[in-house]
Amino acid sequence: MNEEIIERAQRAKVKKALLGEDVDIEYYTTETNEHEALTSLGEISEEYKQNLLDAGIDPSEKDRSGSFLQRDRSVIFSRAKYPGLELMSTTDAIKKYDWLKEYLWKAIPVDMDKYTAEVELDQTHGYFIRSEAGSKVTMPVQSCLFITSDKIRQNVHNIVIAEENSELHLITGCSVSHTVDSALHLGVSEFYVKKGAKITFTMVHNWGGGIEVRPRSAVVIEDDGVYISNYILMTPVKSLQMFPTTYCVGRNARATSQSIVYATNDAKIDMGSRAVLQGEGSRAEIISRVIATDNAKVIARGDVFGEAADAKGHIECRGLMLSDTATIDSIPELKATRRDLELSHEAAVGKIAEEEIQYLMARGLSEDEATSVIIRGFLNVDITGLPDALAKETKKMFDMSLEKVM
Amino acid sequence: MEALTTPIGCKMLEIKDLTVEVEGKEIISDFNLCIERGEVHVLFGPNGCGKTTLLMTILGIPAYKVKKGDITFNGVDITDFPTNERVKLGMGMSFQHPPEIRGVKLGDMVNIALGRKGEKIDESVIELAKKLNISVDFLNRDVNLGFSGGEVKRSEILQLLAQAPSFLMFDEPDSGVDVENIELIGDLMNELMGRDEILSKRERSGLIITHSGFILNYIKPDRAHVMLNGRIACSGIPEEVAKHIMKEGFERCVKLCGAKVCAE
Ligand SMILES: Nc1ncnc2c1ncn2[C@@H]1O[C@H](COP(=O)(O)OP(=O)(O)O)[C@@H](O)[C@H]1O
Ligand SMILES: [Mg+2]
């Protein structure tokens, strides 16, 4: 079983991804020091504290049900504070639970491309998070994948399972120290939302201008399950390509994906979400807001495949151009394979309307202030479905990220 | 009937020999107007004669290009001032067709007009909105997005209440407003322009554009003008001018004015 997976990974080692620039994996090293474990997240050095904060991670662990921190290739902190919640390194979890093989590479094929193959063949931890059946962990779990060594590759495999009728809220922050000029982050994430369960996943990417990022994510939602993803990328990145797929396999499975991207400098970003509606009455909504400035190149994708009765899917993709040397390529796709379903999309790309600036100036703002209000408004997607505290927290993260770019 | 020259000593707004182009087309030509402190003027005119263009120009919207002449406000030549500088000096406008701004709530606009951009939509905003029968839910809607004609007008008046300007321009404040709200809007316009003060104490001024004239059931301006083809064709007592327009139409009114029917 395991051999078969390894064999498939071996065969995919040189398999280029369908999308995104090809990354030379071998350019990045696997050689790096192991880092010492912490006994509390607050022990992290002052130098790194801000990096964590920037990625939405609270070193005080206050109002968190659990915290996980992986530095480079070492898990240096992992603690679940809440009964009914499990949190540990995926490597440890694989050793601990034989049944985990029922979940590994079940949502994502190991031979999808060379990046998934690389994660299998040289996995460096990642997080395993599980909420037990019936337990509602309303306080969020925070996990941080942090790069502090130059030129390394970080190959994580994350598994998140919400057992039947449980609830799990996850904040993941990815961050990088300013001393790192280049690095590769490969992240495989498999989410399993069981019957009647709910997962919300808020991810803040806080990379740097020399970082290449290739996440590979998939979500499987069973009957009456709910999955909500919020993605925020406001800081520079060298190149990022991801196209997470959510499979609504159960009856009335619901998926919402919201992405907010502010692409600057020479960033090359190819991102989007795909929802596959296989359960009767399942629903998916994909919302994205993309701003491109400087020479950034962004491809914003959204796919909804309707395959079941009474399925409903909607894509709303808006782009705002702030420079004549940037590009936004918006590619929504709808595919229906039967009659009794409903799929729709709206997409719009444009510049800031002069009229809107004038209107705000007529209420007393300067031109720059007006522009910033419009940009803020453009990115302002009301996030529904999060517990109040988390919604506030997310808003705060968003505001903080925005402060930095504007 | 008086001559169409600028009276001496205009305290609030003075427009002299103004010519304005929009997209290369001359819309306003050799326009003159004086509004004294404490005065409210009403401007009539058929569709497309340049009323909105005049207000946009007074407010300094860049698409409206001043080719000739100047605008003086409280003794300061503001012809080249950006809009927000004019607002700082005390100008405010209720727009005829304001733009929709996604993600910017009406409540955010009220905060901006109050000079507290980015703050929460709190009690002070909610209280102000109550004056216009505007609910908290409505304050949380993206400004002008899907607003009905009447809602746009109320939202504009609300923003002006927050802004409290000393010179107020209203571009068709009565169009699309239902009967329940027209009186409310009229009352608030009077309040905004300080019309409840006795004559000698009036500090604020206004310029109201109305196509229908409905709003004049609630507001008593001091002077009326009829605009035709980018110029003031005649001026007079508001009731008289309005009466002639209703009865005879714009062109005929101008002729009658010429025959001194509208004279003060
Ligand atoms: N932004 C614009 N672009 C092109 N033409 C305009 C613009 N604004 C106004 N105009 C033209 O200027 C003339 C006067 O318009 P406007 O000032 O809106 O008239 P009113 O408010 O009296 O109905 C019209 O012929 C109109 O088509
Ligand atoms: Mg008009």
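Student: How much of chain B counts as buried?

Tutor: Burial is judged by relative accessible area, with under 20% as the cut-off. In this predicted model, 55% of the 264 residues of chain B count as buried. For chain A, buried residues make up 59% of 406.

Student: What does the radius of gyration say about each chain?

Tutor: The idea is to set the value beside what a globule rule gives for that number of residues. For the 264 residues of chain B, a compact globule would have a radius near 18 Å, and chain B has 18 Å, which agrees. The C-alpha atoms of chain B fill a box of roughly 55 × 40 × 40 Å along the principal axes, and the chain has nine helices and 10 strands. Chain A, in turn, has seven helices and 20 strands. The radius of gyration of chain A is 20 Å, close to the 22 Å from the rule for 406 residues, so chain A is as compact as a globular protein of that length. Its C-alpha trace spans about 65 × 55 × 45 Å along the principal axes.

Student: Let's turn to the ligands. Which residues come nearest to ligand 1?

Tutor: A good start is the shell of residues around the ligand. Here that shell has 13 residues, and G48(B), G50(B), K51(B), T52(B) and T53(B) come nearest. By class, the shell has five nonpolar, five polar and three charged residues.

Student: Which polar atoms lie beside the oxygen atoms of ligand 1?

Tutor: Look at backbone and side chain separately. On the backbone side, a polar atom of G48(B) is 2.8 Å from an oxygen atom of ligand 1, and a polar backbone atom of G50(B) is 3.1 Å from an oxygen atom of the ligand. On the side-chain side, an N or O atom of T53(B) is 2.5 Å from a ligand oxygen. As for cover, ligand 1 taken alone exposes 560 Å², and the protein buries 65% of that.

Student: Which elements give two or more residues to that shell?

Tutor: They are β2 (25-35) and α1 (51-59) of chain B. The largest share, three residues, comes from α1(B).

Student: And which protein atoms are donors of the magnesium ion?

Tutor: For a metal, find the donor atoms and then ask where their residues sit in the chain. The magnesium ion, ligand 2, has OG1 of T52(B) and OE1 of Q96(B) as protein donors, lying 2.0 to 2.3 Å from it. This pair links distant parts of the chain, 44 residues apart: T52(B) is in helix α1 of chain B, while Q96(B) is in the loop between β6 (91-94) and α3 (106-113).

Student: Why do T52(B) and Q96(B) count as partly exposed?

Tutor: The class runs from 20% to 50%. T52(B) belongs there because its relative accessible area is 23%, and Q96(B) because its value is 21%.

Student: Which residues other than glycine have a positive phi?

Tutor: Most residues other than glycine have a negative phi. Two cases with a positive value are H125(A), with phi near 60°, and D30(B), with phi near 40°. H125(A) is in the loop between α4 (114-121) and β4 (127-131) of chain A, and counts as buried because its relative accessibility is 18%. D30(B) is in strand β2 of chain B, and at 34% relative accessibility it counts as partly exposed.

Student: Where is F81(B) found?

Tutor: F81(B) is in the loop between β5 (76-77) and α2 (83-88) of chain B, and is partly exposed at 28% relative accessibility. Its C-alpha atom is separated by 6.8 Å from that of G60(B), 21 residues apart along the chain.

Definitions and conventions
Residues are numbered from 1 along each chain as its sequence is written. Chains are lettered from A and ligands numbered from 1 in the order in which they are written. This is a predicted model: local features need pLDDT of at least 70, side-chain atom pairs count only at pLDDT 80 or more; totals for chains, interfaces and linings use all residues. Side-chain values use heavy atoms; hydrogens and water are left out. A residue is near a molecule or strand if one of its heavy atoms lies within 4 Å of it. A polar contact is a pair of N or O atoms within 3.5 Å; within protein, one must be able to donate a hydrogen and the other to accept it, and residues adjacent in sequence count only if both atoms are side-chain atoms. Accessible areas come from the Shrake-Rupley method with a 1.4 Å probe; for residues, only the protein chains shown count as cover. Helices (H or I, at least four residues) and strands (E, at least two) are DSSP runs, numbered from the N terminus. Ala, Val, Leu, Ile, Met, Phe, Trp, Tyr, Cys and Pro count as nonpolar, Asp, Glu, Lys and Arg as charged, and the others, Gly among them, as polar. Donors are N, O and S atoms within 2.8 Å of the metal (3.2 Å for Na, K and Ca); water is not among the atoms, so sites may look incomplete. Buried means under 20% relative accessible area, exposed over 50%, partly exposed in between (1.4 Å probe, protein chains only). The radius of gyration is taken over C-alpha atoms; the globule rule is 2.2 Å times the number of residues to the power 0.38.
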